Amino acid sequence: MQHPNIVGVYGDSAAPKLSRAFNLPALDGVKAVFSKAVDPETATNLANYALTAVGGGAVPVSGATLSADLRTVTLSLATAALTRNTSYTLTVNNVMDYSWPTQQTVPPNSADTFKATVRGYAANVPEASGY
């Protein structure tokens, strides 16, 4: 398997970042997109993710799957679907990349807040009127 983050003679010193989080169209999961490829072992460790409703409680996550691009993690929910039009915050810790000579870790408590929606879910932008 090739690891796209092993670059140059001097390595890669940039830590991965949580670029964005958004819900799946059926509101039954969340995608976390990172700025660079991440290590499958740390990216699929459920202990590295916390999903909370803004102003509410924790939403249990039951699974984490890393996509083939090594940058996108799909989180499945342990309970019912997300509530439409409710804001959620995904917080990520301890996810590492493939940097050489030392792996870099996402900054502590990296977070992104999104509104659960079934329209414009990929961009979290409402559709234009008359669409």
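1. Let me start with an oddity. Asparagine 94 comes out as partly exposed, at 48% relative accessibility. Its phi is near 65 degrees, a positive value in a residue other than glycine. Asparagine 94 is found in the loop between E7 and strand E8 (110-115). Keep in mind that this is a predicted model, so the backbone here is the prediction's own.

2. Leucine 70 makes a good companion case. Leucine 70 also isn't a glycine, yet has a positive phi of about 60 degrees. You'll find leucine 70 in the loop between E5 and E6. Buried or exposed? Leucine 70 is buried, with a relative accessible area of 7%. Asparagine 94, by contrast, counts as partly exposed.

3. Now the sheets. One open sheet has four strands in the order E1-E2-E6-E5, with antiparallel pairing. E1 and E5 stand at its edges with a single partner strand each, so one side of each has no neighbour in the sheet. From one strand to the next, the twist averages 20 degrees. Inside this sheet, E2 and E6 pair in the antiparallel sense over five bridges. If you want a landmark for that pairing, valine 33 stands opposite threonine 72 in E6.

4. There is another open sheet of four strands, with the order E4-E3-E7-E8 and antiparallel pairing. Here E4 and E8 are at the edges, each with a single partner strand, so one side of each is left without a neighbour in the sheet. E3 pairs with E7 in the antiparallel sense over five bridges, and E7 pairs with E8, also antiparallel, over six bridges. On the E4 side, E3 and strand E4 (residues 58-59) pair over two bridges, again in the antiparallel sense.

5. Threonine 52 is a handy place to see E3 flanked by its partners. Threonine 52 stands opposite threonine 89 in E7, and the bridge partner of threonine 52 in E4 is alanine 58. The E3-E4 connection is a hairpin with four residues between the strands. Glycine 55, in the turn, has a positive phi of about 80 degrees.

6. Which way do the side chains of E3 point? They alternate: Tyr49, Leu51 and Ala53 point to one face and are buried, while Ala50 and Thr52 point to the other and are not. That fits the textbook picture, since side chains in a regular strand alternate between the two faces of the sheet.

7. Two of those E3 residues turn up again in the largest nonpolar core, which has 29 residues. Phe34, Tyr49, Leu51, Val73, Leu82 and Leu90 touch the most other members. Strands E1 (18-23), E2 (29-34), E3 (49-53), E5 (61-66), E6 (72-77) and E7 (87-92) are the elements that give two or more residues to this core. As a general point, nonpolar side chains tend to be buried together in soluble globular proteins.

8. Tyrosine 49 deserves a look of its own. Leaving aside residues up to four places away in sequence, tyrosine 49 touches Phe34, Ala43, Ala64, Val73, Leu75, Leu90, Thr91, Val92 and Val95. Among these contacts, Phe34, Val73 and Leu90 are also listed with the core members that touch the most others.

9. How many salt bridges does a search of the whole structure find? One. Aspartate 97 forms a salt bridge with lysine 36, the closest N and O atoms being 2.8 Å apart. The pair links distant parts of the chain, 61 residues apart: aspartate 97 is in the loop between E7 and E8, lysine 36 in the loop between E2 and helix H1 (40-43). Both ends are buried: aspartate 97 has a relative accessible area of 0%, and lysine 36 stands at 9%. I'd show this pair in the figure.

10. Last, the E8 edge. Phenylalanine 114 lies in strand E8 and is buried, with a relative accessible area of 3%. The C-alpha atoms of phenylalanine 114 and tyrosine 88 are separated by 5.5 Å, although these residues are 26 apart along the chain. In the pairing of E7 with E8, the bridge partner of serine 87 is lysine 115 in E8.

Notes. Residues numbered from 1 in each chain as written. Predicted model: local features only at pLDDT ≥ 70, side-chain atom pairs only at ≥ 80, totals over all residues. Heavy atoms only, no water. Core = buried A, V, L, I, M, F, W, Y, C linked by side-chain atoms within 4.5 Å. Buried < 20%, exposed > 50% of the residue type's maximum accessible area, 1.4 Å probe, protein only. Contact = heavy atoms within 4.5 Å. Pairing = 2+ DSSP bridges. Axes fitted to C-alpha atoms, helices over the stretch in contact; angles between N-to-C directions. Salt bridge = Lys/Arg side-chain N within 4 Å of Asp/Glu carboxyl O.
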